[in-house]
Amino acid sequence: MMKLVPTIGLEIHAELMTASKVFCSCSAEFGGSPNSRCCPGCSGFPGTLPVLNKRAVELIIKAGKVMNCEINRLTSWDKKNYFYPDLPRAYQISQLNAPVCVNGNVELGDTTVRIKQIHLEEDAGKLIHDQSPKYSLADYNRSGMALIEIVTEPDIHTADEACRFVEKVRAMLLYADVCDGRMEQGSLRCDVNISLAPEGQPLGVRAEVKNLNSLRSITRAIEYEISRQTQAITNNIPLVQETRRFNDASGETFAMRTKENAHDYRYFPDPDIPVLKLTDADLDAIYATIPEMPELRYERYRNEMGISEHNAKIIINDKNVCNFFEGVLKEYGENPKSVCNFIVNELRNDVSQFYAADIGRLVKYLNADKIDRKYVGDILNKLSRKKNEKNTDNDYLEKNCIEESFWIKEDLDLVENIIAGVIKNNPGPVEQYKSGEQKVFGFLMGQASKALKGAATPAVIKETLERKLK
Ligand code: ZN
Ligand code: MN
């Protein structure tokens, strides 16, 4: 039995986080009542002209940069002609001849996925099909939204690799503020091209499974296609190049249409949009806005800050939590590990209710044994109220959150007396310590702490005990 190897290429469509659509000034916000966010331009009225959204160009360049692409200094748009009711102009403005980004790559552990190109295009509208009575509704709110399409070379061979690639790209787009990555809302969706062939043989006949909007459906669609195509090949049933759709309920793919090629779309340059010239200075200004990518942050947290794998993953997993963590470190950077623990254990990653600077100073006080840990809950309640009221008072924590009783007060006379008592009552261990047995110090520390019942910080107890033992 010959071994069949799957070869997979992905096309990821990601909606850009622009305020307005890509070729008109309509709002690009998700949702809205049907057809409330469109104009003659994005509804395809004859005579309207597209005006390119500068922000969309900036965002696709950021996407290209984080995926190590070359950026074309001259870039242009093409008309991709086809008729469908969700595309009122009967052509999509897309890029074929000179896409913004080409020849990139994304590292995936021990393999590299090459990026063929990333191009900037417009999204189509949305059709809502009603079954009883039978009719379809067209909502053009999504029509003309700025979309990038990331096209890989066929460098992927398993469902697991495909998912890791999508996850990594999604995280990079999120961190770079290019796309919100909400797969369930369709702002990031994936087409899978897959074929099977015996090892070392030319690629087989491919199927393209359209519009997968979760990692789970990507996995299931790939697994289904592997088994369907394996059966066909082993039973000598010819496969046809076609576009297929995945049915979430049955877990199966089914044929939608036989696959068209680029020439079927009669692509031609869109004369309505001037060729865009990009200079080095333009690109450098855009590159400068790209923050550190999650993978590099992870390495830094693990290697430089000594944060555990578990906690580093939790922090990285959510961009808002990660940026909050960085914000806290700006206020209090001495002990990143304790800050991370505090965010994971005390805030349980729910960072939206707090100002980072407040949390920084709170952790600093706790680490210095200035305030008693048992009051953390009370203090956090007050700090979240502060953020709620949009109060930006810098001393709010000290003035309003930490009550007199929260501060650890040290009655130094009491400390001296109690430690003197501990030394008097433990002549044996004291002798051992004096004759060089350092480890009994821990025992004496324990006795002193117990007797003081939290009335002094460990630092003060240690200092007093050491002094008195001399
Ligand atoms: Zn519009
Ligand atoms: Mn596309």
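The following exchange walks through a zinc site and some paired strands in a predicted model.

Biologist: Which protein donors hold the zinc ion (ligand 1), and what spacing do they follow along the chain?
Modeller: The zinc ion (ligand 1) has sulfur donors, the SG atoms of Cys 24, Cys 26, Cys 39 and Cys 42, lying 2.3 Å from it. Read along the chain, these donors follow the spacing C-x1-C-x12-C-x2-C.

Biologist: What arrangement do the four donor atoms around the zinc ion (ligand 1) make?
Modeller: Four donors count as tetrahedral if all angles lie between 85 and 135 degrees. The angles that the four donor atoms subtend around the zinc ion (ligand 1) are 100 to 114 degrees, and therefore the arrangement is tetrahedral.

Biologist: Is Cys 26 buried or exposed?
Modeller: A residue counts as buried when its relative accessible area is under 20%. Another donor, Cys 24, has 16% relative accessibility and so counts as buried. Because Cys 26 has 11% relative accessibility, Cys 26 also counts as buried.

Biologist: In the hairpin of β6 and β7, which residue takes a positive phi?
Modeller: Strand β6 (residues 101-108) and strand β7 (residues 111-122) run antiparallel and are joined by seven bridges, with Glu 107 having Thr 112 in β7 as its bridge partner. The hairpin has two residues between the strands, and the residue with a positive phi near 60 degrees is Gly 109.

Biologist: Which residue in β10 does His 119 stand opposite?
Modeller: Strand β7 also pairs with strand β10 (residues 146-152), in the antiparallel sense and over seven bridges. In β10, the residue opposite His 119 is Glu 149.

Notes: Residues are numbered from 1 along each chain as its sequence is written. Chains are lettered from A and ligands numbered from 1 in the order in which they are written. This is a predicted model: local features need pLDDT of at least 70, side-chain atom pairs count only at pLDDT 80 or more; totals for chains, interfaces and linings use all residues. Side-chain values use heavy atoms; hydrogens and water are left out. Donors are N, O and S atoms within 2.8 Å of the metal (3.2 Å for Na, K and Ca); water is not among the atoms, so sites may look incomplete. Four donors count as tetrahedral if all angles lie between 85 and 135 degrees; four count as square planar and six as octahedral if opposite donors are over 155 degrees apart and all others between 65 and 115; anything else is irregular. Buried means under 20% relative accessible area, exposed over 50%, partly exposed in between (1.4 Å probe, protein chains only). Two strands pair if DSSP finds at least two bridges between them. Helices (H or I, at least four residues) and strands (E, at least two) are DSSP runs, numbered from the N terminus.
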